[in-house]
Structures are given as structure tokens and as C-alpha cells.
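Here are a few exercises to work through with the model open in your viewer. Try each task before you read its solution.

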Amino acid sequence: MGKVILDMAMSLDGFISGVNGEDVGLYNWYFDPAPKSEAVIQELLTGLGAIIMGKGAYNTGEEETDSIDDNPYKMAHFIVTHDPHEKIVSGAISYTFVTDGIESALQQAKVAAGDKDIAIAGGADIAQQYLAAGLVEEIQLHLAPILVGKGKRLFDNIGGALVELESTRVIDSSGVTHLKYRVVKSDE
Amino acid sequence: MSKVVLDLSMSLDGIVAGTDISPEQPLGKDGERLHYWMFENPNETNTRIMEETATSAGAVLVGARTYYDAINTGWNGVNPFPAPAFVIAKAGSASVVKGFTLVTDGIASAVQQAKAVAGDKNVWLMGGARLTQQMLQANLIDELHIHLVPILMGDGLRLFGEAGMDAIDLEQIGLVESVGVTHFKYRVVK
């Protein structure tokens, strides 16, 4: 079965966007990828079977693209939200709006993903909920060489208990370092 | 010329000391976990990196809170650093132990004095978080050497704080993978 991966770009000071969700240079590596980053992106495109995100992240994505077909992730997406919305489908891309919580979204994502991995792609709020619930198995951070100063911090509100990680991969690319960690379960 | 280098260990969630810092627990709750890579059977790479930090420093800078709250009594009256250390504190602060110099006329003065002592070697800023933030804001740090520890501490003292500084660009100039830690070096782009 696939793994649940928290996958986000992050500044050295821990921010995943500006105060209002702005890019603040954290995605330069993605939109203009160096060869090693291209390989990381390809791995996500082919290795993921479903994506979970919050409504804010969905809205940002929607604002920045002209059409649903511009989304390179041809797979099921599950948006965790309070506001019901009809499912949107175009070819292999779908957006299902899940109003009954993060566990429901994950259940549905697992069914859709089959053997492939599931990415939690943002925003900070959704990521924190999955982390706090102990539902994240791997963390992949695209670490950008910048101190943003202010914005949405990824690792706020995750609870006070120490969580051990194991570094499983470090890819030194141009303008970004791709870090992968396995979340060590507390009973290991 | 001498560079001012921030060199410390940080959790993946940006924390450099746990909650409840005290002289008995200078790194706070679970804080020693941040230094396992140094003190719990360090491998060759980690030993080399530690030695590099020590031998490249000609002077050390430490903030008042770090010195007085956490370390004053913990150091047993002896400077544990490999070089003369400067404590930046307000006028009227309590005296400091041998090997330390108290600087009460500001950060710029402390940096100047530290550089004079350091000669060709670096000035090692070992913390704390508040002094680091002030020095970043004042554009006084040349490099960041961050030993990134694969843990989420959840709560504690954040290196990069809540202050809401202006954005600062960095250039990664070093990356060493090791066991239990990933060593990053960044140049502050000025």
C-alpha cells in the first residue's frame, strides 16, 4: 500500500507561504527546475495516486491556473473543507470536496490511490492536522535557501511531544535541497 | 577577514531549545536531544564538523539570556569555548566568569571587539535566538551553519522567532549528510 507523504516547499525559517498564501519565492525550483529537481517532480507525478489539500491551497491553485487541465497531477484530489461542493472531474483529474474531516479524506484518498502514494500538499493548517493526528508517514520538504520572515509556518500547532524522524534522502539541487524523512513511530 | 558565523543545532521544526529552560536544564525540555549528534557516539563526519567549528573560531559571541539564564551556573566558572567569549548584555548586568568579556554598549561594539580578537579566524555566534534575530536584522551575520536534526520538537524556542523580519536571501554553500543530522552552510546574501 502507498504511503502518506507530507510534501511541501519550505523556507529555512519554516514558512510555506507568505501571510496570505503568496509564493514568496518558495516555488522557483518547481517552475524553473534544475535537472535533479526535475527528477523529484517526475517522481511525484508518477508515484502519487491521490492528493489531499485544504480549501485555501485549492483556491490558490485555481486562481493561478487557467484550466483544470493545466494541473499536471492527473489523479484524484481530495479537498478538506467545511463548504460542500459538487465533485469536479476532467479526464483523470478530479476534485472531491470532503466535509467530514481529515480521516474521511484520507480514507477516500487511499481507495483512489490504490498502491500508489498519497500526498498531503498543503496548506499549513491541513498539514498540521494530519501531523497532530499521527497520520503522516513520510515528510518531503523542498527546502529553499531563504528566510521569509513572516508567513504561514508549517510546523506550528503540532503538539508538544517530540517526534523522531529518520532522514532517508537528501538531494542537493540548484536553489533547493530536497529532504525526505520517515516518521518514526513512537513504539519503534 | 573574519566572518561572523552563526553555528548551532536546530530541529526540523526550527527549534533550538526546549521549553522550561533553567540552569539545571540549559537547553530546556528534550533539548539535549539536539546535541546527540555531537555527544552520543559521534561518527567521523560529525566529529570532524565539531572540530571544524571549534578550530575555525577566534572569538565567540553569546547573548545575555543564553549566558545568564541557562549557562552561568552550568559552566562552573569556566569558559567552555575554544576561544575568548563576549556576552552582549545591558549596562548594569552581573559580572561574567573568566574567559568571558561583558559588552554593554551594543551588538556592533561586541562584533568589533570579537573581530579584533579573532584576527583571521571567524567569530562564532553560538546563540541565543534573540541575539541571532537582532544580528540578522542588523545584517551582521555572514554565514549560517545549521546542524539540522531530524526531529520535530513541537514546542520550545524558535531560532527564527515570531518577530516578522524582512526576507533575507541565502546561498547554500555547504551540505554534508551524516547520521542523525544534516549539516548546512549558508552565506547571507547582502
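**Exercise 1.** Leaving aside neighbours within four places in sequence, which residues is H178(A) in contact with?

*Solution.* Bear in mind that this is a predicted model.
- Start with the location: H178(A) sits in strand β12 of chain A, which covers residues 176–183.
- Next, list the contacts. Beyond its sequence neighbours, H178(A) touches W29(A), S37(A), V40(A), L141(A), H142(A), R169(A), V170(A), I171(A) and S173(A).
- Now pick out polar contacts. The H178(A) side chain makes one with the side chain of S37(A), at 2.8 Å. Another, also 2.8 Å, links the side chains of H178(A) and H142(A).

**Exercise 2.** Decide whether H178(A) is buried or exposed.

*Solution.* The cut-off for buried is under 20% relative accessible area. H178(A) comes in at 1%, so it counts as buried.

**Exercise 3.** Trace the open sheet: in what order do its 10 strands come, and which are the edge strands?

*Solution.*
- Walk across the sheet and you get β5(A)-β6(A)-β4(A)-β3(A)-β7(A)-β1(A)-β8(A)-β12(A)-β11(A)-β8(B), with mixed pairing.
- The edges are β5 (88–90) of chain A and β8 (151–152) of chain B, each of which pairs on one side only.
- Now check how the chain A edge is attached. β5(A) runs antiparallel to β6(A) (residues 93–98), and 3 bridges join them. Look across from I88(A) and you'll find Y95(A) in β6(A).

**Exercise 4.** Work out how many residues of strand β1(A) are buried, and which strands it pairs with in the parallel sense.

*Solution.*
- Count first: β1(A) spans residues 4–11, and 8 of its 8 residues are buried, so the strand is largely enclosed by the rest of the structure.
- Then split the strand by face. In a regular strand, side chains alternate between the two faces of the sheet. Here V4(A), L6(A), M8(A) and M10(A) are on one side, with I5(A), D7(A), A9(A) and S11(A) on the other, and both sets are buried.
- Finally, look at the pairing. β1(A) is parallel to β7(A) (residues 117–120), over 3 bridges, with I120(A) as the bridge partner of L6(A). It is also parallel to β8(A) (residues 138–144), this time over 7 bridges, and there S11(A) is partnered by A144(A).

**Exercise 5.** Find the cavities of 30 Å³ or more: how many are there, and what lines them?

*Solution.*
- The structure holds 2 such cavities.
- The largest has about 60 Å³ of space. Its lining is made up of L12(A), D13(A), G14(A), R153(A) and F155(A), along with L12(B), D13(B), G14(B), R158(B), L159(B) and F160(B). Sort that lining by type and you get 5 nonpolar, 2 polar and 4 charged residues.
- The second largest has about 40 Å³. Around it are M10(A), L12(A), G14(A), L143(A), M10(B), L12(B), D13(B), G14(B) and L148(B). That lining divides into 6 nonpolar, 2 polar and 1 charged.

**Exercise 6.** Which residues of helix α5(B) are buried, and what is the sign of phi at N139(B)?

*Solution.*
- α5(B) takes in residues 129–137, and its buried residues are A129(B), L131(B), T132(B), Q133(B), M135(B) and L136(B).
- After the helix comes N139(B), where phi is positive, near 60 degrees.

Note on methods: Residues numbered from 1 in each chain as written. Chains lettered and ligands numbered in written order. Predicted model: local features only at pLDDT ≥ 70, side-chain atom pairs only at ≥ 80, totals over all residues. Heavy atoms only, no water. Helix = DSSP H or I, 4+ residues; strand = E, 2+ residues; numbered from the N terminus. Buried < 20%, exposed > 50% of the residue type's maximum accessible area, 1.4 Å probe, protein only. Polar contact = N/O pair within 3.5 Å; in protein donor to acceptor, adjacent residues only side chain to side chain. Contact = heavy atoms within 4.5 Å. 1 Å grid on protein atoms, 1.4 Å probe; cavity = no way out; pocket = protein on both sides within 12 Å on 5 of 7 lines; lining within 4 Å. Points joined across faces, edges and corners; volume = space filled by probe spheres on them. Nonpolar A, V, L, I, M, F, W, Y, C, P; charged D, E, K, R; others polar. Pairing = 2+ DSSP bridges.
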